Amino acid sequence: MYLKVQLPWNVIIPANQLDAKGIMLQRSIVVRLLEDFATKKATEDLGYYTAVSTLERIGEGKVREHTGDVLFPVTFKAITFKIFRGEVLEGVVHKVLKHGVFLRCGPIESIYLSCLKMPDYHYVPGENPVFLNDKTSKIEKGVVVRFIVIGTKWLEAERDFQALVSLEGDYLGPVC
């Protein structure tokens with residue numbers, strides 16, 4: 001699910017870039033904000049940082065004593081992506097294993113669909129392994145699959161989420 005959030009951050013402009021005045025200083029602050037935002041990746045509470053939408057306010061700069069850099073408090077609106085238990089989403093299969101498949105959905109790459117959560121599907125090994133059901137519906141690499149989220153886990157070290165999903169329910173499975 002995409003979320004609109006308002007965030008207060010501090011942007012630090014190095015002393016050697018402070019020659020700018022007016023609109024050029026504002027540009028430097030925006031560029032630094034976007035760089036910082038891009039490197040942050042995700043948080044447990046808000047999910048994955050995807051885009052800055054609006055710069056609401058730039059506060060008065062405060063000079064840092066030891067470096068001479070200037071810290072500007074900023075408030076901005078952003079869009080984040082976080083999945084929740086019970087949510088129905090679609091993802092693309094990127095790995096097929098004997099015990100299940102891994103999917104990608106937006107910025108999340110560690111979505112695991114266990115073979116135990118795919119009723120009526122059975123594993124067919126080979127050069128390009130697949131899961132098939134009796135109606136010849138196929139789950140293979142590159143296929144879009146609609147699933148329901150049954151659990152998520154935040155991994156602090158990787159600043160990333162893992163999700164467990166299921167096809168148990170109506171209208172879930174490969175999307176034609």
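Before we look at anything else, let me say what I mean by a strand, which here is a DSSP run of type E with at least two residues, numbered from the N terminus, and two strands count as paired if DSSP finds at least two bridges between them. Please also keep in mind that what we have in front of us is a predicted model.

With those terms in hand, we can turn to β4 and β5, which form a hairpin with six residues between them, and in that turn G68 has a positive phi of about 85 degrees. Strand β4, residues 62–63, runs antiparallel to β5 and is joined to it by two bridges, and if you look for the partner of V63 you will find V70 in β5.

Let us stay with β5, since several other strands come back to it. Strand β1, which covers residues 2–13, pairs with β5 in the antiparallel sense over 12 bridges, and within that pairing V5 has A78 as its bridge partner. Strand β3, residues 47–58, is also antiparallel to β5, this time over eight bridges, with Y49 standing opposite T80. For anyone new to this, strands of a sheet pair through backbone hydrogen bonds, either parallel or antiparallel.

Is β5 largely enclosed or not, and why? Of the 12 residues of this strand, which spans 70–81, 10 are buried, so β5 is largely enclosed by the rest of the structure.

Now I would like to move along the chain to another sheet, an open one, in which three strands follow the order β9-β10-β11 with antiparallel pairing. Here β9 (122–124) and β11 (138–139) stand at the edges with a single partner strand each, so one side of each is left without a neighbour in the sheet. Strand β10, residues 130–132, pairs with β11 over two bridges, and F131 stands opposite I139 in β11.

Next comes the largest pocket, whose volume is about 200 Å³. Its lining is made up of P119, D120, Y121, N133, D134, K135, S137, L167, G169 and L172, and sorted by class these are four nonpolar, three polar and three charged residues.

Finally, a word on the cysteines: the structure holds zero disulfides. C105 is buried, with a relative accessible area of 7%, whereas C115, at 25% relative accessibility, counts as partly exposed. The cut-off behind those two labels is that buried means under 20% relative accessible area, while exposed means over 50%.

Note on methods
Residues numbered from 1 in each chain as written. Predicted model: local features only at pLDDT ≥ 70, side-chain atom pairs only at ≥ 80, totals over all residues. Heavy atoms only, no water. 1 Å grid on protein atoms, 1.4 Å probe; cavity = no way out; pocket = protein on both sides within 12 Å on 5 of 7 lines; lining within 4 Å. Points joined across faces, edges and corners; volume = space filled by probe spheres on them. Nonpolar A, V, L, I, M, F, W, Y, C, P; charged D, E, K, R; others polar. Helix = DSSP H or I, 4+ residues; strand = E, 2+ residues; numbered from the N terminus. Disulfide = S-S within 2.5 Å. Buried < 20%, exposed > 50% of the residue type's maximum accessible area, 1.4 Å probe, protein only.
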